[in-house]
Amino acid sequence: MKKIKIAIVAAVLITACTFAFIFFKKITEGHPFIYPIENSILKPVDHIYEVAIIGAGAGGIMALQRAILNNDEVLLFAGNQKDISNSRGTFVREVDNIPGLSKYKRVNINLRNEILKDIASDQNFSKNLNFFKRSVVNIKQENNKIFILEDNKGNVYQARYVILATGMMDEQPVINGKIDTIFPYANNETIAYCLRCDGHRALGKETVVIGSDDSAANVAIILQQRYKLPKITILTHGKKPTWDQSLQKKLSLYRIEFVEDTITNILGDESSGKLEGFMFSDSAKLSAEFGFVSMGIRPNNQLAKTLGAKLDPRGLVIADQNSETTVQNFFVIGDLQADAMKQIYTAWNHAVKAADIINKRIRETGEGGK
Ligand SMILES: Cc1cc2nc3c(=O)[nH]c(=O)nc-3n(C[C@H](O)[C@H](O)[C@H](O)COP(=O)(O)OP(=O)(O)OC[C@H]3O[C@@H](n4cnc5c(N)ncnc54)[C@H](O)[C@@H]3O)c2cc1C
């Protein structure tokens, strides 16, 4: 009898542990902050890394993979929680516009975790990976050559080449003094930010575009031209529209109206993210099943500014065809690069160009630290 009891307790414990393990694996693998474990052995301060990559979103991860396969030593910073929360890529869920990616639930996070795991377990190349979940808070270049980077814990690193992949964040509507009213809907993809990524999700739905400038007007016009929506309205959220007469003519042609009142609430089910509409300061309501936010961007450009790299009027960093900025050996890739599509595949393209030109310079100058 005693043996049976022990066997039952053991079976229950094993089952509980197995479930706990599966659950832990599930939440950590797709989690932006918890996983992966950093490879945190600091090298001596006088060590010069070949390539430092700042940011581990779509661009940073592709730059990492290319540089590692090129056999270059990489110092990768994924950012701290604040950086991760302030980067657009963190909030990408299912991706329908790139072949093969629709199986991922949080594309950029899943790919980041997958590639870090693969490199860490690769006998030949893992030695080239130095990965930290830290923020780079300062950067300078000495004698137009070596870059000195400082992280948020006060550690200092040296690198010959730097790839900046810190991305940007969308401006969010402030509703009743806070920005998080919209998040339950954004997280469930009934509110979107990127026409090229999620425009198709509006098909057949009453839709709104929140914004007051040319780009909000253009988003509404393109959505209507493409998908012939049952209803589309622009919500300027208390601002005067700034689009010009020609855009207004087009809006009128497509019967796109705009509401200038301030949004005071979002109607719907926060837990499922089902959107039902918006409420305004005069208590009026507008029904809507889908929405876009088009209110501008906040580029994560502080480090580029510190180095004196040239920016465009929106604060994006200007680069040449190899993704090199106006500061020699300092590259910018992904959303932060000026005059480029804000897409994952664009970030990948920038990343490969930057990593390959860096590898070429390392090969030609014989500067490699290995
Ligand atoms: C809701 C949504 C859906 C989208 N869907 C699609 C889609 O379907 N298809 C598509 O192609 N694109 C999509 N995009 C666009 C895509 O997410 C971006 O183009 C892409 O993520 C840009 O990559 P990035 O590397 O430039 O920046 P991000 O992927 O945003 O990565 C930035 C990285 O920089 C790090 N960081 C920031 N500051 C610092 C610092 N000081 N130190 C260290 N690290 C730092 C962050 O932690 C993060 O790892 C979508 C965007 C949004 C908002």
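# A guided tour of the two domains, the ligand shell and the cores

Begin by colouring the protein by its domain assignment, which gives domain 1 (48–169 + 298–365) and domain 2 (172–295). Please keep in mind throughout that this is a predicted model. With the whole protein in view, the C-alpha trace spans about 80 × 65 × 35 Å along its principal axes, and a cartoon display will show ten helices and 17 strands. Buried residues make up 39% of the 370 residues in the protein, and, of the contacts with a separation of 6 or more, 62% are accounted for by residues 24 or more positions apart.

**Where the domains meet**

Next, place a marker at the centre of each domain: taken over C-alpha atoms, the centres of domain 1 and domain 2 are separated by 32 Å. Six residues of domain 1 are in contact with six residues of domain 2, and on the side of domain 1 that touches domain 2 the residues divide into one nonpolar, two polar and three charged.

**The shell around the ligand**

Now select the 39 residues around the ligand, of which G57, G79, G89, G167 and G334 come nearest. With the domain colours still on, you will find that domain 1 and domain 2 each contribute at least three residues to this shell. By residue class, the shell divides into 19 nonpolar, 15 polar and five charged residues. Helix 2 (58–69), helix 3 (81–85), helix 6 (195–198) and helix 10 each supply at least two residues of it, and helix 2 is the next stop.

**Helix 2**

Select residues 58–69, which form helix 2. Helix 2 has twelve residues and reaches 17 Å from its first C-alpha to its last, close to the 16 Å expected at 1.5 Å a residue. Is this helix enclosed by the rest of the structure or exposed? Because eleven of its twelve residues are buried, helix 2 is largely enclosed by the rest of the structure. The buried residues of helix 2 include A58, I61, A63, L64 and R66. To see what they pack against, show strand 1 (48–54), strand 2 (74–77), helix 4 (107–120), strand 3 (129–132), strand 6 and helix 10. Past the end of helix 2, look for N71, whose phi is positive, near 70°.

**Two nonpolar cores**

A63 also leads into the largest nonpolar core, which has 57 residues and in which A52, A63 and L164 are those with the most contacts. The largest share of this core, eight residues, comes from helix 10 (residues 344–365). Centre the view on L164 and, leaving aside its neighbours within four places in sequence, show the residues in contact with it, which are I54, G55, L303, A304, F330, F331, V332 and L336. Apart from the core that holds L164 lies another core, of 31 residues, among them I221, L229, W243 and F292.

**Helix 7**

I221 takes you to helix 7 (residues 214–227), which has 14 residues and reaches 20 Å from its first C-alpha to its last, close to the 20 Å expected at 1.5 Å a residue. In helix 7, the buried residues are A216, A217, V219, A220, I221, L223 and Q224. What covers them includes helix 6, strand 9 (206–210), strand 10 (231–235), helix 8 and strand 15 (290–293). Just after helix 7, K228 takes a positive phi of about 45°.

**Three loop residues**

Finish with three loops, beginning with N152, which lies between strand 5 (146–151) and strand 6 (156–164). N152 is partly exposed, because 16 other C-beta atoms lie within 10 Å, and, not counting residues up to four places away in sequence, N152 touches N80, R134, S135 and V137.

Move to R255, in the loop between helix 8 (245–253) and strand 11 (257–259), where phi is near 55°, a positive value in a residue other than glycine. R255 is exposed, because 9 other C-beta atoms lie within 10 Å.

The last residue to select is N329, in the loop between helix 9 (302–307) and strand 17 (330–332). Is N329 buried or exposed? With 20 C-beta neighbours inside 10 Å, N329 counts as buried, and its phi is near 70°, again a positive value in a residue other than glycine.

Terms used
Residues numbered from 1 in each chain as written. Predicted model: local features only at pLDDT ≥ 70, side-chain atom pairs only at ≥ 80, totals over all residues. Core = buried A, V, L, I, M, F, W, Y, C linked by C-beta atoms within 7 Å. Helix = DSSP H or I, 4+ residues; strand = E, 2+ residues; numbered from the N terminus. Contact = placed C-beta atoms within 7 Å. Near = placed C-beta within 6 Å. Nonpolar A, V, L, I, M, F, W, Y, C, P; charged D, E, K, R; others polar. Domains from an automatic or database assignment. Expected span 1.5 Å × (residues − 1).
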